[in-house]
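Visitor: Hello! Could you walk me through this structure, one question at a time?
Guide: Gladly, let's have a look together.

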Amino acid sequence: MVYRGNGVWRVLETHQEYDVILFTRIDIGIQDSAIYDSNWGFKSLPREDFVNSLYVIDSRYLGAYRLRTFLEQFNFKVKVLEYPNNYNYEELFALLDKFVTKKTKIIGANSTFGQFNDKLHLVNNFILQCKKRYSHIKWVVGGQNCLTLKNKLPDADIFVNGFGENALLAILEDKVDENETELDGTFGYGFPNEYFTQWKEEDGIYPEDALPIETARGCIFACKFCSFPLVGKKKNEHVATSDDLKRQFLNNYEKFGVTKYNITEETFNDNLFKLENILNITRDLPFELSLAAFIKPELLVAKPEMIDMLVEMGLEGCSIGTESLNPESRKAVGKGYTYEKIKDALVDLKKKSHNRGKLGFGIVQNIIIGLPYETKETFAKGVEYLINAYECDRLVLHILNIRKSDDTWTYTSPIDKNPESFGYEVWESNRLPDSYEWKNNEDLNSTNSRELLEKYYKTIFWNNTCHGFYGPINGMRNGLHLPSFYKLQEGKNTKLTKQQRDFISRNLNQRVKDYYNYQLSM
């Protein structure tokens, strides 16, 4: 069944043969317990506390839907399968048996999400069983730096690094050499300069969902630790057209009642011209948008007029790369302004959003442990401030990863390429074969950084507040009637109770079940 709004559901008769089957994540058939054990490994923190604190919820990922939109322009039929990490393998094969035919050439998955799970050997077994069951298909793994999974997924046939539209098209059109197993989708095949994504009724979209949307690709900046592709691009290069953006906003509103979006762009506020275009689109819509985006706070200081523009277009949540509160560390990796100046801009943004009625507005701050000139003392001082700061509703800590500059990583940062020039001592890692263990030019190293992360996350888990819809919520929280839930308490948003988190979990489980049953009914 498909939700049509106003409590109305209907069954679609859409059985057809598909050329491509795409899973939205690579951790197929692996539940959250595995992610908890492998990604975090905080054995001293009970899993129930971990899950309840993060209220872990699946979100929509754009890649597979964008590939479907692109390939169907060339008359290839694509089936996207959502929530693959919530099914067991019996359920997964029931889905594949439904959709794989002799016409199907590719089964694939996006490795950007779920790639760090240490139980991916289970996924490789799944890939192997797929190839035995459907001997005529190729198994394709895509996503940024997917080559790091070659040893974990040896039975996959082709790895497509980066953006995959033209590379996947080349595979379908038999333009890829039979022995070629690694394709550079971004720089080897290029990608189209149009980013329209068509959502369908079969995708199971609810009016309260926050859909991902591409406003642009790449970033005009090049931070010293950043290994994203397309950094240092020109302003307004690889930017979605106003017509495409407006068409998506209107289509999704008219079909599904959707008004919320997670913007996938690396730096949404990289220049005023682009923001002015988007603001003009929002002024011309018959409804009010709610947006969440990754923004660069330094630009709010340099161009304070951006704050009013972001608030007017409906920004309801943002994530920022603070990286460090230590002035020397910020300067070493290319961050402008001191944190004190950034703080003032963030406070202004949050207050103005609250005054506009966005009481759920929140700011996610990201900190990297181990940048140059950072010490255990300066790191602790910064984190302990942010834990209770008005301008930080959710704090996320990352450990610096110094990657080996070899063929495994397609995209590497300036620090990766020459760590010694930034004051690092590096040596071979038994824990991460594709990366180095390290010591910075002060008193932090990869070992005590992991210890610090665990120490502070025990506090952070219980301090992060319920804010906006930024991050992995996919509309699940709206069942709580959040507009009436949000109350500013001494300038901070409230937290979800255990009962409310349980409600969200049931909401997600029911949605996954409804989606699965509908796919089998097609």
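Visitor: What share of the exposed area do carbon and sulfur atoms supply?
Guide: Keep in mind that this is a predicted model. The chain exposes about 21500 Å². Of that area, the part supplied by carbon and sulfur atoms is 49%.

Visitor: And what percentage of the residues count as buried?
Guide: The chain has 522 residues, arranged with 17 helices and 17 strands. A residue counts as buried under 20% relative accessible area. The share that meets this is 58%.

Visitor: Which residues touch the most other members of the largest nonpolar core?
Guide: That core holds 100 residues. A second, separate core has 38 residues, including I30, L96, F99 and C130. In the largest core, the residues that touch the most other members are L349 and L397.

Visitor: Which residues does L349 contact, leaving aside its neighbours within four places in sequence?
Guide: Contact here means heavy atoms within 4.5 Å. With those neighbours left aside, the partners of L349 are I295, L300, I307, L310, V311, L315, C318 and F361.

Visitor: How many aromatic pairs are there, and are Y89 and F126 stacked or edge-to-face?
Guide: The count comes to 16 aromatic pairs. For Y89 and F126, the ring centres are 5.3 Å apart and the planes stand at 25°. Planes under 30 degrees apart count as stacked, so this pair is stacked.

Visitor: How many residues apart in sequence are the parts that Y89 and F126 tie together?
Guide: Y89 belongs to helix 4 (residues 89-99), while F126 belongs to helix 5 (residues 120-133). Y89 is partly exposed at 24% relative accessibility, whereas F126 is buried at 2%. Because the two rings sit in these two helices, the pair ties together parts whose separation in sequence is 37 residues.

Visitor: Which residues do ring pairs link into a cluster?
Guide: Y89 and F126 are among them. In full, the cluster consists of F23, Y89, F93, F126 and W139.

Visitor: Now for Y339 and Y385: are they stacked or edge-to-face?
Guide: Their ring centres are 6.2 Å apart, with 75° between the planes. Y339 lies in helix 12 (residues 339-355) and Y385 in helix 13 (residues 376-386), so the pair ties together parts 46 residues apart in sequence. Y339 is buried at 4%, and Y385 is partly exposed at 32%. Since an angle over 60 degrees sets the class, this pair is edge-to-face.

Visitor: Which strands stand at the edges of the open sheet of 3 strands?
Guide: The strand order is 15-17-16, with antiparallel pairing. A strand with a single partner has one side left without a neighbour in the sheet, so the edge strands are strand 15 (402-403) and strand 16 (425-428).

Visitor: Which residue in strand 17 stands opposite R403?
Guide: Strand 15 pairs with strand 17 (residues 435-439) in the antiparallel sense, over 2 bridges. The residue opposite R403 is S435.

Visitor: Over the face of which ring does R511 lie, and at what distance from the ring centre?
Guide: K404 offers another such case, lying over the face of Y436 at 5.7 Å from the ring centre. For R511, the ring is that of Y206, and the distance is 3.8 Å.

Visitor: Last one: is S111 buried or exposed?
Guide: S111 lies in the loop between strand 5 (106-110) and helix 5. Beyond residues up to four places away in sequence, S111 touches I26, V141, G142, G143, C146 and L149. Its relative accessible area is 0%, so S111 is buried.

Methods: Residues numbered from 1 in each chain as written. Predicted model: local features only at pLDDT ≥ 70, side-chain atom pairs only at ≥ 80, totals over all residues. Heavy atoms only, no water. Pairing = 2+ DSSP bridges. Helix = DSSP H or I, 4+ residues; strand = E, 2+ residues; numbered from the N terminus. Phe/Tyr/Trp six-rings, centres within 6.5 Å; stacked < 30°, edge-to-face > 60°. Buried < 20%, exposed > 50% of the residue type's maximum accessible area, 1.4 Å probe, protein only. Lys NZ or Arg CZ within 6 Å of the ring centre and 35° of its normal. Areas by Shrake-Rupley, 256 points an atom, 1.4 Å probe, with all protein chains shown as cover. Core = buried A, V, L, I, M, F, W, Y, C linked by side-chain atoms within 4.5 Å.
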